[in-house]
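I opened my notebook to work through one structure, step by step. I wanted short notes that I could check later against the atoms.

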Amino acid sequence: MDPDWLCFHPAPSKPVFRVPAGAVDAHCHVFGPAAEFPFAPERKYTPCDASKAQLFALRARLGFARNVIVQATCHGADNRAMADACRASGGMARGVATVRRSVTDQDLEELHAAGVRGVRFNFLRRLVDFTPKDELLEIAGRVAPLGWHVVVYFEAQDLPELWDFFTALPTTVIVDHMGRPDVAQPVDGPQFQRFLRLLREHPNVWSKVSCPERLTKSGPPGYDDVVPFARRVVEEFPDRALWGTDWPHPNLKNHMPDDGLLVDFIPRVATTPALQRRLLVENPLRLYWPEEL
Ligand code: 0GY
C-alpha cells in the first residue's frame with residue numbers, strides 16, 4: 001500500500017545541542033510495519049512503515065535515552081504495534097493508547113503491563129471521526145484508577161467548545177503541541193492567552209512544546225515563529241512541559257523535518273540547563289516512570 005504523505009528524513013543531522021543524560025522523547029510514533037501490524041480500515045491517511053527498530057536507532061542518534069510512543073490514528077484503537085514496541089524496549093519506552101468504550105479491564109491490564117500509562121483523545125476532524133464525549137469521559141474514569149493520564153489533541157479554535165470537557169477530566173491532562181496555536185497571531189493575543197489560562201487555572205493540565213514543524217509559517221532551520229510560544233510555556237509552567245520529536249511526522253506533505261534541527265530547537269525554548277532537565281528528564285519521568293523517582 002502506497003503512503004499518501006512523505007516518508008521521514010532518511011539521514012537526520014547530528015544535533016548541536018547535547019540533551020541531558022536520561023532525556024525522554026515524549027512524543028513519537030511507530031507505524032506498522034503494515035505486513036505485521038496492519039493499518040486501521042477507518043484511517044484517514046496511510047503512512048510509510050516506521051518500525052520500532054528505526055525509532056530506537058533515531059533515539060540513539062539524537063542522544064535520547066527513552067521514548068513515549070503515542071498511538072497514532074492510522075492504527076485506530078488497535079494498539080498492537082505501539083504495545084509491541086514498548087515491550088521490546090526493555091523498559092525504555094512507555095506508551096499512550098487509543099481505546100474504545102468496549103475495552104475490557106483485562107485489555108487495560110495488558111496494556112499497563114506493556115508500559116502504557118495514558119490514553120489519547122483526538123479532536124482533529126481531518127484525523128478521526130467524532131467520539132461522543134460521554135464515551136470519552138467514561139474511558140477517562142476507567143483509566144484514572146490505573147494512574148494513567150489523558151492526552152488531548154485539538155486545534156486552537158476549538159478550545160472554547162472543549163474547555164468544559166477538558167476541565168472535567170479526572171486525570172492529568174496533557175495537551176499535544178500547545179493546542180496548535182496560529183503562530184501568526186501574537187503570543188499575548190487572545191488565542192494563545194486562552195490556552196495559557198487553561199494551564200494557569202487547572203494545575204492538572206500540562207503541555208507538549210513539540211511540533212514546530214507543524215505550527216511554523218517561517219519554516220526551518222530555526223522555526224523562529226514558534227520559539228516565543230514554546231518558550232512562554234516552558235518558562236511559565238516549567239514543571240508541566242514535555243517535548244517530543246513527533247517522529248515519523250505523520251501527514252506532512254510539503255516538508256519533512258530534519259530531526260537533528262528539531263533537537264536544536266530545544267535550547268531556544270528551554271534556555272537554561274535546569275529548564276532543559278525538567279523538560280526532558282524530570283517531567284517525563286514523573287509521568288511515565290514515577291517508580292524511579
Ligand atoms: C501528531 C500529529 C498528527 C497526527 C496524529 O495520530 C495521528 O495520526 O497525531 C497530525 O496529523 O497533526 O502528533 O502525530
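**Entry 1: an acid in a helix**

I began with Asp259, which lies in helix H9, residues 259-269. I kept in mind that the model is predicted. Which side chain of opposite charge is nearest to Asp259? I found Arg61, and it is 8.5 Å away. A salt bridge needs a nitrogen and a carboxyl oxygen within 4 Å, so that distance does not qualify. Asp259 is buried and has no salt bridge.

What is Asp259 in contact with, leaving aside its neighbours within four places in sequence? I listed His9, Pro12, Leu58, Leu62, Thr245, Trp247 and His249. I marked Trp247 and His249 for a later entry.

**Entry 2: around the ligand**

Next I looked at the ligand. I noted 15 residues around it. Of these, His29, Tyr45, Thr73, Tyr153 and His177 come nearest.

Then I looked up polar atoms. In His177, an N or O atom of the side chain is 2.7 Å from an oxygen atom of the ligand. For Arg120, a polar side-chain atom lies 2.8 Å from a ligand oxygen. For His27, the distance from a polar side-chain atom to a ligand oxygen is 2.9 Å. How much of the ligand's accessible area does the protein cover? The ligand has 350 Å² on its own, and the protein covers 100% of that.

**Entry 3: salt bridges**

I turned to charged pairs. Side chains of opposite charge can pair when their charged atoms come close. The count here comes to 22 salt bridges. I picked out a few.

My first pick was Glu291 with Arg94, a salt bridge at 2.7 Å from N to O. Glu291 is in the segment after helix H10 (273-288), and Arg94 is in strand E3, residues 93-97. The two are 197 residues apart, so I noted a link between distant parts of the chain. Is Arg94 buried or exposed? Arg94 counts as buried because its relative accessibility is 10%, and the cut-off for buried is under 20%.

My next pick brought back Arg120. Asp176 forms a salt bridge with Arg120, and the closest N and O atoms are 2.9 Å apart. Where do the partners sit? Asp176 is in the loop between strand E6 (173-175) and helix H6 (190-201). Arg120 is in strand E4, residues 116-122. They are 56 residues apart, and this pair also links distant parts of the chain. Asp176 is buried, with a relative accessible area of 0%. Arg120 counts as buried at 9%.

Then I checked Arg232 and Asp188. Their side chains meet in a salt bridge of 3.0 Å, N to O. Arg232 lies in helix H8 (residues 227-236) and Asp188 in the loop between E6 and H6, so the pair ties together parts that are 44 residues apart in sequence. Arg232 counts as partly exposed at 28%. Asp188 is exposed, with 53%.

I also noted a network. Arg101, Asp134 and Glu138 are joined in it by salt bridges that share partners.

**Entry 4: backbone exceptions**

Most residues other than glycine have a negative phi, and most peptide bonds are trans. I looked for exceptions.

Where are the cis bonds I noted? One joins Pro220 and Pro221, with omega about 10°. Pro221 lies in the loop between helix H7 (212-215) and H8. Another runs from Trp247 to Pro248, with omega near 0°. Pro248 is in the loop between strand E8 (241-242) and H9.

Then I looked at phi. Met178 is not a glycine, yet its phi is positive, about 55°. Met178 is in the loop between E6 and H6. It is buried, at 1% relative accessible area. His249 also has a positive phi, near 60°. His249 sits in the loop between E8 and H9. It counts as buried at 0%. His249 is one of the contacts of Asp259 from my opening entry.

**Entry 5: Thr98**

I ended with Thr98, in the loop between E3 and helix H3 (105-114). Thr98 is buried, with a relative accessible area of 14%. Leaving aside neighbours within four places in sequence, its contacts are Gln71, Gly76, Ala77, Asn79 and Arg120. How far is Thr98 from Gly222, by C-alpha atoms? They are separated by 33 Å, and they are 124 residues apart along the chain.

Note on methods:
Residues are numbered from 1 along each chain as its sequence is written. This is a predicted model: local features need pLDDT of at least 70, side-chain atom pairs count only at pLDDT 80 or more; totals for chains, interfaces and linings use all residues. Side-chain values use heavy atoms; hydrogens and water are left out. Helices (H or I, at least four residues) and strands (E, at least two) are DSSP runs, numbered from the N terminus. Buried means under 20% relative accessible area, exposed over 50%, partly exposed in between (1.4 Å probe, protein chains only). Lys and Arg count as positive and Asp and Glu as negative; His and the chain ends are not counted. Contact means heavy atoms within 4.5 Å. A residue is near a molecule or strand if one of its heavy atoms lies within 4 Å of it. A polar contact is a pair of N or O atoms within 3.5 Å; within protein, one must be able to donate a hydrogen and the other to accept it, and residues adjacent in sequence count only if both atoms are side-chain atoms. Accessible areas come from the Shrake-Rupley method with a 1.4 Å probe; for residues, only the protein chains shown count as cover.
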